[in-house]
Amino acid sequence: MSESRGLLKSHIVKKYWMAFTGLFLILFLTGHLAGNLQLFMTGYAGQLQFNEYAVFMTTNPAVKLLSYVTYLSIIFHAIDGILISIANKKARPVGYAYSKPEKNSIWSSRNMGVLGTIILVYIVVHMQNFWYVYKFGSTPYMQNEDGTAPLLQDGSAVADGIVENGRVLVNGTDMGPVMKDLHSIVVDGFSEPILVSFYVLAMIALGFHLVHGFSSAFQSLGLNHPKYNPLISKVGYAYAIVIPALFAIIPIYMYFM
Amino acid sequence: MATEKGINITLKVWRQKNGQAKGALETYELKDVSPDNSFLEMMDILNDQIIMKDGSPVAFDHDCREGICGSCSMYINGEPHGPGRLVTTCQLHMREFKDGETIYVEPFRAKAFPIIKDLIVDRSALDRIQHAGGYISVNTSGNTQDANAIPIEKENADKAFDAATCIGCGACVAACKNASASLFMSAKISQYALLPQGQVEAKNRVLAMVKQAEEEGFGPCSNTGACEVECPKGISLENIARMNREYLSASLLTK
Ligand code: HEM
């Protein structure tokens with residue numbers, strides 16, 4: 001068997017990776033959602049809380065490492081998904097003239113590639129909306145509640161501070177990087193009905209992806225046991241509905257607030 | 001003993017002269033078909049009707065006509081072996097269809113199942129998967145050990161038996177959107193993996209059979225579960241998970 005070694009040596013190995021990265025992304029989503037839920041906090045306190053969280057997420061080394069694993073997982077999952085989808089198509093070059101697949105399988109399970117592609121487009125747009133703007137765009141910065149002094153990343157206000165190129169200066173002395181105001185970028189973004197609709201649509205696609213994906217990943221890794229299958233399937237359905245729904249409610253809530 | 005009134009049906013049957021020819025659905029009308037006829041008996045009646053009009057009969061595979069040989073292979077109204085559950089085409093009866101119904105009949109379609117003629121496809125790819133590793137090497141020189149001398153857990157014996165009921169008909173491949181042979185392969189792997197006699201060659205078996213299936217052009221498994229629903233023998237998806245486990249440990253633990 002030595003001639004076919006490697007990371008993607010067979011269909012089954014491709015599916016191990018699919019399942020492994022997919023399950024990791026499921027864990028990631030849970031964490032990401034926990035962070036987003038802070039957007040339900042209102043007023044200055046909510047704004048400050050969210051921006052402090054953004055500082056933590058962009059400076060903490062453990063989070064940084066996790067974020068790289070996440071990027072890799074998404075890229076690997078997507079490439080692997082495309083390779084699998086190509087192999088799927090190749091195995092039946094001539095299709096049926098008349099077929100009733102809905103008699104034997106759920107729609108989600110047959111449309112993972114399409115659903116994944118929607119999610120991929122969404123991820124790119126989403127990164128552009130917030131990640132890119134936060135990192136490289138001209139972001140507004142946080143001030144204290146009276147609006148008289150800019151805030152440093154640790155949350156302390158600098159009286160008489162002025163902000164230049166993302167740094168707080170007092171009489172020319174660099175006090176450190178300013179706390180950027182991601183919160184108001186989010187508020188701005190979700191005042192656009194088109195963006196809100198796109199986010200909601202993407203979360204519906206994610207839900208359908210996970211209705212099949214969650215339990216499918218266990219099967220791919222060989223984790224199938226009559227004693228635990230009902231639990232996996234129930235948790236999978238609950239996850240696929242609750243998590244995307246909570247993600248989707250946030251832009252809707254912010255649009256109407 | 002006809003118990004019910006005969007039904008009139010319209011058949012749309014895939015006709016294709018050979019592997020290279022372009023095929024198409026042909027329409028036939030059949031009158032007064034007994035609901036007690038099996039699907040294959042109905043096909044026989046259709047062929048009689050075609051022959052009477054000097055046509056060329058529809059070629060289809062069949063042999064035992066009692067659900068154990070795995071020869072009959074038709075994709076009927078959008079499903080392998082038709083709308084029935086846990087039945088092969090020969091065990092499907094016309095009472096499953098309504099008067100006036102249009103019934104589509106196509107061959108099993110997969111890259112690994114080239115069409116020979118009409119509804120007959122070449123399923124020898126499944127045999128080659130079996131040959132690649134679906135066996136145990138037993139001394140048959142006259143002093144063979146009594147299999148019953150080896151204690152086997154009842155649960156495993158039952159599961160191995162269930163897996164071994166696979167008749168290799170190819171319905172799993174036909175049903176799968178990826179034309180994957182995973183259910184077939186996993187049944188053949190499981191029937192040995194669950195028994196002590198199968199352990200000796202277990203690692204090479206799973207590696208060789210999976211490799212062969214891929215070379216034959218069968219697709220990956222998307223876990224849609226279509227195969228399990230359509231399998232006339234009710235082979236469980238548990239077997240595919242077992243194959244995935246076996247393959248993982250074999251890949252990690254062989255040189
Ligand atoms: C956060 C986002 C995502 C999560 C949580 C996720 C999760 C999963 C999970 C758990 C599976 C099941 C794996 C298995 O069957 O073993 C899966 C399958 C799949 N995913 Fe994703 N996925 C995500 C994004 C994507 C993206 C961006 C693509 C882009 C192409 C994609 C394409 C696919 C495909 C094609 C399959 C099915 C593979 C097959 O046919 O078996 N997914 N996903």
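Chain A contains 8 helices and 3 strands. The model is a predicted one. From the N terminus on, the elements of chain A follow the order α-α-α-α-α-β-β-β-α-α-α. The C-alpha trace of chain A spans about 75 × 45 × 40 Å along its principal axes. Chain A has 257 residues, and 41% of them count as buried. Among contacts in chain A with a separation of 6 or more, 71% join residues 24 or more positions apart. The area that chain A exposes is about 13800 Å². Carbon and sulfur atoms supply 69% of that area.

Helix H6 of chain A covers residues 182–189. Its buried residues are A:Leu182, A:His183, A:Ile185, A:Val186 and A:Gly189. Seen down the axis of H6(A), these buried residues fall within an arc of 160°, so they line one face of the helix. The cover over the buried residues of H6(A) includes four helices of chain A: H2 (43–59), H5 (112–136), H7 (193–220) and H8 (229–256).

Two residues of helix H7 of chain A were examined individually. A:Ser220 is placed in this helix. With a relative accessibility of 4%, A:Ser220 falls under the 20% limit and therefore counts as buried. Leaving out residues up to four places away in sequence, A:Ser220 touches A:Lys15, A:Tyr16 and A:Ala19 in chain A. A:Ser220 also touches B:Asn223 and B:Asn244 in chain B. A:Phe218 is likewise placed in helix H7 of chain A. Apart from neighbours within four places in sequence, A:Phe218 is in contact with A:Leu23, A:Leu223 and A:Ile232. A:Phe218 and A:Leu120 are 98 residues apart in sequence. Their C-alpha atoms are 22 Å apart in space.

Helix H7 also contributes to a pocket. The second largest pocket has a volume of about 510 Å³. Its lining comprises 21 residues. Those nearest the pocket centre are A:Ser215, A:Ser216, A:Ser233, B:Asn223 and B:Leu237. One of these, B:Asn223, is also touched by A:Ser220. H7 and H8 of chain A each supply at least two residues of the pocket lining. H7(A) gives the most, with 7 residues. By class, the pocket lining has 8 nonpolar and 13 polar residues. No charged residues line this pocket.

Enclosed space was considered next. Rolling a probe the size of a water molecule over the atoms shows where empty space is left. The count comes to 3 cavities of 30 Å³ or more. The largest cavity has a volume of about 170 Å³. It is lined by 19 residues. From chain A, A:His11 and A:Ile12 are among the residues nearest the centre of the largest cavity. From chain B, B:Ser182, B:Pro220 and B:Cys221 are also among those nearest its centre. Helix H1 (11–36) of chain A supplies at least two residues of this lining. So do, each in turn, helix H5 (182–193), helix H6 (202–216) and helix H8 (238–253) of chain B. The lining of the largest cavity has 10 nonpolar, 7 polar and 2 charged residues.

Loop positions in chain A were also examined. A:Asn144 is found in the loop between H5 and strand E1 (162–164) of chain A. Its relative accessibility is 17%, so A:Asn144 counts as buried. Not counting residues up to four places away in sequence, A:Asn144 touches A:Tyr44, A:Ala149, A:Leu151 and A:Ala157. A:Asn171 lies in another loop of chain A, between strand E2 (167–170) and strand E3 (173–177). A:Asn171 is exposed, with a relative accessible area of 78%.

The backbone has positive phi values at two residues described here. A:Asn171 has a positive phi of about 50°, although A:Asn171 is not a glycine. B:Asp32 has a positive phi of about 55° and is not a glycine either. B:Asp32 lies in strand E2 of chain B, which covers residues 24–33. The relative accessible area of B:Asp32 is 58%, so B:Asp32 is exposed.

Conventions: Residues are numbered from 1 along each chain as its sequence is written. Chains are lettered from A and ligands numbered from 1 in the order in which they are written. This is a predicted model: local features need pLDDT of at least 70, side-chain atom pairs count only at pLDDT 80 or more; totals for chains, interfaces and linings use all residues. Side-chain values use heavy atoms; hydrogens and water are left out. Buried means under 20% relative accessible area, exposed over 50%, partly exposed in between (1.4 Å probe, protein chains only). The arc is that of the directions from the helix axis to the C-beta atoms. Contact means heavy atoms within 4.5 Å. On a 1 Å grid over the protein atoms alone, a cavity is a set of points where a 1.4 Å probe fits but cannot get out, and a pocket is an open set with protein on both sides within 12 Å along at least five of seven lines; lining residues have an atom within 4 Å of a point. Grid points are joined across faces, edges and corners, and a volume is the space filled by probe spheres set on the points. Ala, Val, Leu, Ile, Met, Phe, Trp, Tyr, Cys and Pro count as nonpolar, Asp, Glu, Lys and Arg as charged, and the others, Gly among them, as polar. Accessible areas come from the Shrake-Rupley method with a 1.4 Å probe; for residues, only the protein chains shown count as cover.
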